Amino acid sequence: MTADVPILIVGGGIGGMTAALALARAGFPAHIVERSPEFGEIGAGIQLAPNALRVLDCLGVLPRLEALAVRPRHLVLMHADTGQHLTTVDFGASFRRRYGYPYTVMHRGDLLAVLHQACQAAVRVTLESGREVTGLADHGDGARAAFADGGGYECGAVIGADGLWSTARTLVSGDRPIAQKFVAYRGALPAGPAVSADEFSSADEIIWIGPGKHLVQYPIRRGELYNQVAVFRSGRYSPEAELSDGWGTPDELDEAFARACDRVRAGVALINRDRRWVMYDREPLGNWTTGRITLLGDAAHPMVQYLAQGACQAIEDAECLARHFAARDGDVVKALAAYQAERIPRTALVQRAARRWGQIWHDDGPVIPLLRDRILTRRPPDDYTDLDWLYQDQPKAS
Ligand SMILES: Cc1cc2nc3c(=O)[nH]c(=O)nc-3n(C[C@H](O)[C@H](O)[C@H](O)COP(=O)(O)OP(=O)(O)OC[C@H]3O[C@@H](n4cnc5c(N)ncnc54)[C@H](O)[C@@H]3O)c2cc1C
């Protein structure tokens, strides 16, 4: 059988574009189809930890990303209600020595633009936007992708990088995203006295945690913009109302932060209320692959964002996938089996840890917050032992 497309990547988000770049660099041509008319992202920030920067560096895009990004000097964890300082993570020289890369925050649109430019410049990557995949089928010696416009491709392999509501995932699981009863409002605004820090350095990332809520703040785009994400548990959530707009509303946002300290309320007041994001994840799967079709990124392992690792794990997936294609000389079935055997245990751990970390942040008390705050306030800023499992270079299977 002759494939129209050797490797089809469904979805031109962070995962899909990074996978295309990694495959191309390993010598494998990849074709991306994206259903949106444009390759782009919403106007909010994203945190990229050393485990993601390591991959992006190997793909040659790091210098262009760093020109647009911010390297926060610290992560400062504060109590949202009392304003108490809980702990600081020093992102300075000792952090960079330990992990080889800095901690970086940037505008999502900037990250997507750099990845898109790199894909356009790569000889082995081709892209199509405005094409939605509606069906996928493996038929042993190939896979077929069908499009909403009636067209289709025969493919040597398909990588479903189509996000939380993945079509590709329906081939391996009948599950659906699990609403965590939390909602986020987020956005970036021009940096300035109204939002930049007073007692904090303007290059710090600050996370305010408290019962049923948190607020994340950090500068992006060379410090020209300030990104905020306010997250809270909605009392109006019900499974019946899940897909409606009747819960997690802007008035609930204000209610959730009404008892927060002045600094947090001032930040929340500036957040755009036009759109909300429902916090979803899914249970880890034991299998991502059927024949020549597999999953990558949020399609494979959607997680709540409390460890800021969803995109970082998608980027790790991309490196791993390309490495196994190269190690098996393009034997698709063997490469996909090796890829998922390496990635499923790690991403399942991160998915579960992200949920637990959120529970610890948002606990209503009194016992868990008491213990949490006692442990955190005693932690020295350069104690990275709890971060090693996420940020250190991982052992690689061959
Ligand atoms: C509030 C919030 C904050 C976050 N912060 C961070 C952070 O700081 N750091 C971090 O690492 N992660 C963070 N994440 C998680 C991160 O955004 C995701 O994990 C990441 O975007 C996943 O990338 P992806 O490419 O797998 O999926 P997506 O970004 O969802 O991309 C999927 C793409 O596939 C396309 N698509 C979907 N279906 C089809 C189809 N049928 N045919 C063709 N195309 C299709 C979509 O249009 C989309 O472009 C955060 C998430 C949220 C909600």
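Author: Let us start with a term we will need: two helices cross in a left-handed way if the near helix is turned anticlockwise from the far one by less than a right angle, and in a right-handed way if the turn is clockwise. Please keep in mind that this is a predicted model.

Reader: Thanks! Which kind of crossing do α2 and α8 make, left-handed or right-handed?

Author: Theirs is a left-handed crossing, so by the definition the near helix of the pair is turned anticlockwise from the far one.

Reader: Why are α2 and α8 called oblique to each other?

Author: The axes of α2 (residues 50-58) and α8 (residues 310-327) cross at roughly 40° and come within 8 Å. An angle counts as roughly parallel under 35 degrees and as roughly perpendicular from 65 to 115. The value of roughly 40° fits neither range, and α2 and α8 are therefore oblique.

Reader: How do you know which residues make the contact of α2 with α8?

Author: Contact means heavy atoms within 4.5 Å. On the α2 side are Asn51, Ala52, Val55 and Leu56, and α8 brings Cys312, Gln313, Ile315, Glu316 and Glu319. Sorted by class, the contact of α2 with α8 has 5 nonpolar, 2 polar and 2 charged residues.

Reader: What makes α1 roughly parallel to α8?

Author: Helix α1 covers residues 14-25, and its axis crosses that of α8 at roughly 25°, with the two coming within 8 Å. The cut-off for roughly parallel is under 35 degrees, so α1 and α8 earn the name roughly parallel. Their crossing is right-handed. From α1, the contact takes Ile14, Gly15, Thr18, Ala19, Ala22 and Leu23, while the α8 residues include Ala311, Ala314 and Phe325. The residues of this contact divide into 11 nonpolar, 2 polar and 1 charged.

Reader: And why is α1 described as roughly parallel to α5?

Author: Here the axes of α1 and α5 (residues 108-121) cross at roughly 30° and come within 10 Å. That angle also falls under 35 degrees, which means α1 is roughly parallel to α5. The crossing of α1 and α5 is left-handed. Among the residues that meet are Met17 and Leu21 in α1, and Leu111 and Leu115 in α5. By class, the contact of α1 with α5 has 9 nonpolar and 2 polar residues, and no charged ones.

Reader: Let us turn to the ligand. How do you know that Asp298 makes a polar contact with the ligand?

Author: A polar contact is a pair of N or O atoms within 3.5 Å. A polar side-chain atom of Asp298 is 2.8 Å from an oxygen atom of the ligand, so the pair passes that cut-off. The backbone takes part too: an N or O atom of Val133 is 2.9 Å from a ligand nitrogen, and a polar backbone atom of Cys312 is 3.0 Å from a ligand oxygen. In total, 28 residues surround the ligand, with Gly15 and Arg108 among the closest.

Reader: What makes Arg221 and Pro366 worth a look?

Author: Most residues other than glycine have a negative phi, and most peptide bonds are trans. Arg221, in the loop between β13 and β14, has a positive phi of about 45° although it is not a glycine. Pro366, in the loop between α9 and α10, is joined to Gly365 by a cis peptide bond, with omega about 5°.

Methods. Residues are numbered from 1 along each chain as its sequence is written. This is a predicted model: local features need pLDDT of at least 70, side-chain atom pairs count only at pLDDT 80 or more; totals for chains, interfaces and linings use all residues. Side-chain values use heavy atoms; hydrogens and water are left out. Axes are lines fitted to C-alpha atoms, for helices over the stretch in contact, and angles run from 0 to 180 degrees between N-to-C directions. Helices (H or I, at least four residues) and strands (E, at least two) are DSSP runs, numbered from the N terminus. Angles under 35 degrees count as roughly parallel, over 145 as roughly antiparallel, 65 to 115 as roughly perpendicular and the rest as oblique. Ala, Val, Leu, Ile, Met, Phe, Trp, Tyr, Cys and Pro count as nonpolar, Asp, Glu, Lys and Arg as charged, and the others, Gly among them, as polar. A residue is near a molecule or strand if one of its heavy atoms lies within 4 Å of it. A polar contact is a pair of N or O atoms within 3.5 Å; within protein, one must be able to donate a hydrogen and the other to accept it, and residues adjacent in sequence count only if both atoms are side-chain atoms.
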